[in-house]
Amino acid sequence: MRFRPARLRPRWPTPHPTLVAAALVTLVSCGGDATAPVEATPDPEPPPIPAEATTWIEANAHPFEGSHLSLPHSDLGFLRGIVGNARIVSLGENTHGTRDFFEMKARILRFLVEEMGFTAFAIEATWPEARRLDHYIRTGEGDAAELLSGLYFWTWNTESVLEMIEWMRAHNEAGGDVGFHGFDMQYPGMALHNVREYFAAVDSGQAGAVATRLDCLGRFANDPSGRFPSPRYGDQTDTYHANCSASLDAVHQVLVDGRETYEATSGEEAFAVALQSMRVAIQYHLMITGGQGRDESMAENTVWIQRQLGPGARMVLWAHNFHVSAQPGAQGSFLRRAYGDAMVIVGFSHEAGTFTAVLQRGASYLGLTEHTLAAPLPLSYEHYLSTPAAPRYVVDLRNRNTSSAGASWLAGPRSFRAIGCCYDPGASYRYWSQSPLPEWYDVLIHYESTRPTVVLPSRYPTSF
């Protein structure tokens with residue numbers, strides 16, 4: 001079946017309050033965990049870029065025609081050499097609201113699936129809810145737009161991601177085999193629901209006691225629209241958290257101890273879903289109480305997904321630049337330890353254009369809107385990358401002699417832009433961090449100018 005891109009019209013809904021709150025969590029993880037921001041304003045006349053640096057970039061860049069996934073593969077052949085035998089290709093984004101980044105990531109996914117045998121896709125979204133989209137792309141059952149809203153992130157609830165999901169469905173309907181996964185754990189509602197439902201089905205004698213133990217977290221969990229009650233789980237006392245931790249661990253242990261019996265009753269896959277659902281709920285508790293960071297949990301879940309898929313599986317990851325990077329504390333740093341050179345980390349950057357983000361004014365968050373990128377800081381990576389004639393290109397940062405005159409600018413650290421869910425246009429300097437680019441990324445995809453994402457209206461599933 002030939003994929004035809006949908007004809008969609010731009011729409012700018014008012015963001016769901018819960019989605020804005022979730023986006024703030026994303027901002028903390030994408031920006032707050034990064035290195036300290038550059039406390040400087042741009043020089044009005046940036047210094048000229050050395051000619052040897054421009055020559056080096058132009059000699060090593062791979063230009064490509066465009067970003068949309070419907071384009072032919074003819075200009076992406078260089079990706080075969082860049083990806084090689086990697087089992088994981090991690091695709092970042094320098095803002096959560098850049099359409100060209102999203103479209104290019106979808107285009108790369110299509111290339112890797114159709115040309116290099118990749119069979120899995122995983123995104124920075126909660127694991128249990130993502131399983132519903134996996135079911136959709138395999139069977140066609142359900143409403144793709146509703147299920148996409150059901151990931152709770154306005155950042156992914158866009159025309160570009162929906163187009164990618166519909167391509168995945170068309171690919172599978174035509175005989176392909178690609179799966180959709182999530183590796184995040186910021187919403188425990190469906191995970192807890194899965195565990196309760198599992199015990200009701202396979203061990204009714206334990207179901208009541210399990211539900212009681214889970215209630216310490218369940219009463220503070222999100223509903224099917226992503227809304228959390230007030231007060232939040234994080235508002236509870238240390239003693240409450242300690243007691244709840246013991247209750248959650250006890251349910252996990254019941255599952256582990258009864259594995260043989262439960263698998264005989266439900267099958268191995270259903271048991272694995274229940275056990276992983278319990279782990280996601282525990283990860284949420286650990287994130288709130290400081291026992292384990294979100295990025296470490298996302299890495300843990302990525303490894304779990306890869307193991308479930310089998311040793312020969314090849315997977316594409318989608319997240320913010322911070323998360324995919326190998327900088328200490330980021331998801332990518334944990335995955336680098338697990339996969340080494342079998343993972344390729346791809347960062348995205350841009351010089352100019354517009355993007356979607358929640359408008360921030362000091363401590364106030366005022367809803368989704370379109371923003372304009374500030375000019376690159378002098379001597380930032382983006383400042384150097386702005387020199388080639390190609391409007392968009394890919395450059396492999398690995399195995400480079402950064403002591404040479406042409407590549408010395410790569411060594412860094414230099415300023416590199418990082419924008420999460422939210423943006424204060426009056427403080428654009430805050431969105432630059434000192435980064436040793438080739439240490440944290442293997443490949444960079446750079447754009448001269450980019451466009452904003454188009455966010456779709458939220459329309460949630462009515463139940464878990």
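## A nonpolar cavity

The residues lining the second largest cavity divide into 10 nonpolar, no polar and no charged. The model described here is predicted. Leu-79, Ile-82, Val-83, Val-89, Leu-91, Ile-108, Val-346, Val-394, Val-443 and Ile-445 form this lining. Three elements give two or more residues to the lining: α3 (79–83), β2 (88–91) and β12 (443–450). Of the lining, the largest share comes from α3, with three residues.

The space in the second largest cavity is about 60 Å³. In the structure there are three cavities of 30 Å³ or more. Rolling a probe the size of a water molecule over the atoms is a way to show where empty space is left.

## A buried salt bridge

The structure holds 18 salt bridges. One of them joins the side chains of Asp-75 and Arg-107, with a distance of 2.4 Å from N to O. Asp-75 sits in the loop between β1 (61–63) and α3, while Arg-107 belongs to helix α4 (residues 99–116). The two residues are 32 residues apart, and the pair links distant parts of the chain. Are Asp-75 and Arg-107 buried or exposed? Both are buried.

## A salt bridge within one helix

Arg-259 and Glu-263 also form a salt bridge, and their closest N and O atoms are 3.5 Å apart. Both residues lie in helix α11 (residues 259–266). They are four residues apart, which is about one turn of the helix.

Arg-259 has a relative accessible area of 36%, so Arg-259 is partly exposed. Glu-263 is partly exposed too, because its relative accessible area is 21%, and the buried class is reserved for values under 20%.

## A salt bridge between a helix and a loop

In the salt bridge between Arg-336 and Asp-442, the closest N and O atoms are 2.8 Å apart. Arg-336 is part of helix α15 (residues 331–339), and Asp-442 is in the loop between α18 (437–440) and β12, so the pair ties together parts that are 106 residues apart in sequence.

The partners fall into two classes of accessibility. Arg-336 is partly exposed, with a relative accessible area of 22%. Asp-442 counts as buried because its relative accessibility is 9%, and buried means under 20%.

## A network of salt bridges

Which residues are joined into one network by salt bridges that share partners? They are Arg-99, Asp-100, Glu-103, Glu-159 and Arg-451.

Key
Residues numbered from 1 in each chain as written. Predicted model: local features only at pLDDT ≥ 70, side-chain atom pairs only at ≥ 80, totals over all residues. Heavy atoms only, no water. 1 Å grid on protein atoms, 1.4 Å probe; cavity = no way out; pocket = protein on both sides within 12 Å on 5 of 7 lines; lining within 4 Å. Points joined across faces, edges and corners; volume = space filled by probe spheres on them. Nonpolar A, V, L, I, M, F, W, Y, C, P; charged D, E, K, R; others polar. Salt bridge = Lys/Arg side-chain N within 4 Å of Asp/Glu carboxyl O. Buried < 20%, exposed > 50% of the residue type's maximum accessible area, 1.4 Å probe, protein only.
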